[in-house]
Amino acid sequence: MNAQLQPTGSAYFIAKETALPENHTLSVLVDNEPGVLARVIGLFSGRGYNIESLTVSETEHEKHLSRITIVTRGTPHVLEQIKHQLERIVPVHRVVDLTVMAQELGTGGALARELALVKVAGTGEARVEALRLAEAFRAKVIDANTEHFIFELTGKVSKIEQFIAIMKPLGLVEVCRTGVAAMNRGPQGM
């Protein structure tokens with residue numbers, strides 16, 4: 001037997017992880033009270049997990065509950081650890097891995113959308129091209145003058161990324177994004 005894979009007598013012996021990291025979307029229902037978000041974020045930063053996207057808002061006003069949507073990356077083992085650690089935080093009511101749930105339901109993935117505001121400055125042909133491409137992406141012009149446009153764009157993360165990449169050579173100035181809002185298809189809630 002390989003000496004590297006033998007237990008060392010320590011409770012912390014872990015076999016080599018062979019699974020590849022993947023993105024997952026977690027939905028966390030929490031009490032809407034001061035410090036809860038900081039505790040959730042602290043769990044990630046304290047253990048070296050990265051948050052790709054984070055969205056938070058009160059969703060059940062009468063019960064004072066907020067929904068946190070987190071996109072993170074890790075191996076299935078790490079993602080399961082994150083989920084269990086989140087469930088142990090006292091004001092957390094429920095943690096659902098929307099990615100796993102969608103796979104179990106066979107729905108092809110959670111519905112995920114993001115909103116972006118994109119400022120593009122330019123004149124002449126670049127300005128005309130930016131406006132033409134924005135129309136193709138169904139981006140709305142929400143502010144404009146003779147020197148710039150601000151576009152509002154809603155869609156899948158890949159669509160937002162593609163729009164930003166296309167606008168770079170046309171005079172991209174600034175981008176503001178909301179983060180992912182997601183839920184699974186079907187009649188059941190989280």
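**Questions about salt bridges, burial and overall form**

User: What makes the side chains of Lys-140 and Glu-152 a salt bridge?

Analyst: Their N to O distance is 4.0 Å. The rule asks for a side-chain nitrogen of Lys or Arg within 4 Å of a carboxyl oxygen of Asp or Glu, so this pair meets the cut-off. Lys-140 belongs to strand S6 (residues 140-144) and Glu-152 to strand S7 (residues 148-155), so the pair ties together parts that are twelve residues apart in sequence. Please keep in mind that this is a predicted model.

User: Why is Glu-152 called partly exposed?

Analyst: Its relative accessible area is 24%. Buried would mean under 20% and exposed over 50%, so Glu-152 falls in between.

User: Why do such side chains pair at all?

Analyst: Side chains of opposite charge can pair when their charged atoms come close.

User: How many salt bridges does the rule give?

Analyst: The count comes to six. One of them joins the side chains of Glu-129 and Arg-132, with 2.6 Å from N to O. That value is within 4 Å, so the pair qualifies.

User: Where do Glu-129 and Arg-132 lie?

Analyst: Both are in helix H4 (residues 124-136), three residues apart, which is about one turn of the helix. Glu-129 has a relative accessibility of 28%, and Arg-132 has 47%. Both values sit between 20% and 50%, so each residue counts as partly exposed.

User: What about Glu-60 and Lys-63: how do you know that they form a salt bridge?

Analyst: The N to O distance between their side chains is 3.7 Å. This is within the 4 Å cut-off, so the pair counts. As for cover, Glu-60 is partly exposed at 27%, whereas Lys-63, at 58%, is over the 50% limit and therefore exposed.

User: Which residues are linked in a network of salt bridges?

Analyst: Glu-114, Glu-161 and Arg-177 are linked in this way.

User: Now to the interior. Why is Thr-72 called buried?

Analyst: Its relative accessible area is 0%, and buried means under 20%, so the label applies. Thr-72 is in strand S3 (residues 65-74). Setting aside neighbours within four places in sequence, Thr-72 has contacts with residues including Glu-22, Phe-44, Leu-79 and Ile-82.

User: What makes the approach of Thr-72 to Asn-50 a polar contact?

Analyst: A polar atom of the Thr-72 side chain lies 2.6 Å from the backbone oxygen of Asn-50. The limit for a pair of N or O atoms is 3.5 Å, so the distance fits. Asn-50 is also in the contact list of Thr-72.

User: Thr-25 has some accessible area. Why does Thr-25 still count as buried?

Analyst: Buried does not require zero: 12% is under 20%, so Thr-25 is buried. Thr-25 is found in strand S1 (residues 22-31). Beyond its neighbours within four places in sequence, Thr-25 is in contact with residues that include Ile-70, Val-96, Leu-98 and Ala-182.

User: And Phe-163: what is its place, and is it buried or exposed?

Analyst: Phe-163 is in helix H5 (residues 157-167). With a relative accessible area of 0%, under the 20% cut-off, Phe-163 is buried. Leaving aside neighbours within four places, its contacts include Val-118, Leu-133, Phe-137 and Phe-151.

User: On the surface, what makes Leu-37, Leu-54 and Val-56 a patch?

Analyst: They form a nonpolar patch with about 200 Å² of accessible area together. Take Val-56 as an example: patch members need over 30% relative accessible area, and Val-56 has 38%, so it passes that test. The 38% also makes Val-56 partly exposed. Val-56 is found in strand S2 (residues 51-60).

User: Finally, what is the secondary structure of the chain, and how do you know that the chain is more spread out than a compact globule?

Analyst: The protein chain has five helices and nine strands. Its radius of gyration is 21 Å, well over the 16 Å that the globule rule gives for 190 residues, so the chain is more spread out than a compact globule. Along its principal axes, the C-alpha trace spans about 70 × 50 × 35 Å. Of the 190 residues, 34% count as buried.

How values were computed:
Residues numbered from 1 in each chain as written. Predicted model: local features only at pLDDT ≥ 70, side-chain atom pairs only at ≥ 80, totals over all residues. Heavy atoms only, no water. Patch = residues over 30% accessible without salt bridge, like charges linked within 9 Å, V, L, I, M, F, W, Y side chains within 5 Å. Areas by Shrake-Rupley, 256 points an atom, 1.4 Å probe, with all protein chains shown as cover. Helix = DSSP H or I, 4+ residues; strand = E, 2+ residues; numbered from the N terminus. Buried < 20%, exposed > 50% of the residue type's maximum accessible area, 1.4 Å probe, protein only. Polar contact = N/O pair within 3.5 Å; in protein donor to acceptor, adjacent residues only side chain to side chain. Contact = heavy atoms within 4.5 Å. Rg over C-alpha atoms; globule rule 2.2 N^0.38 Å.
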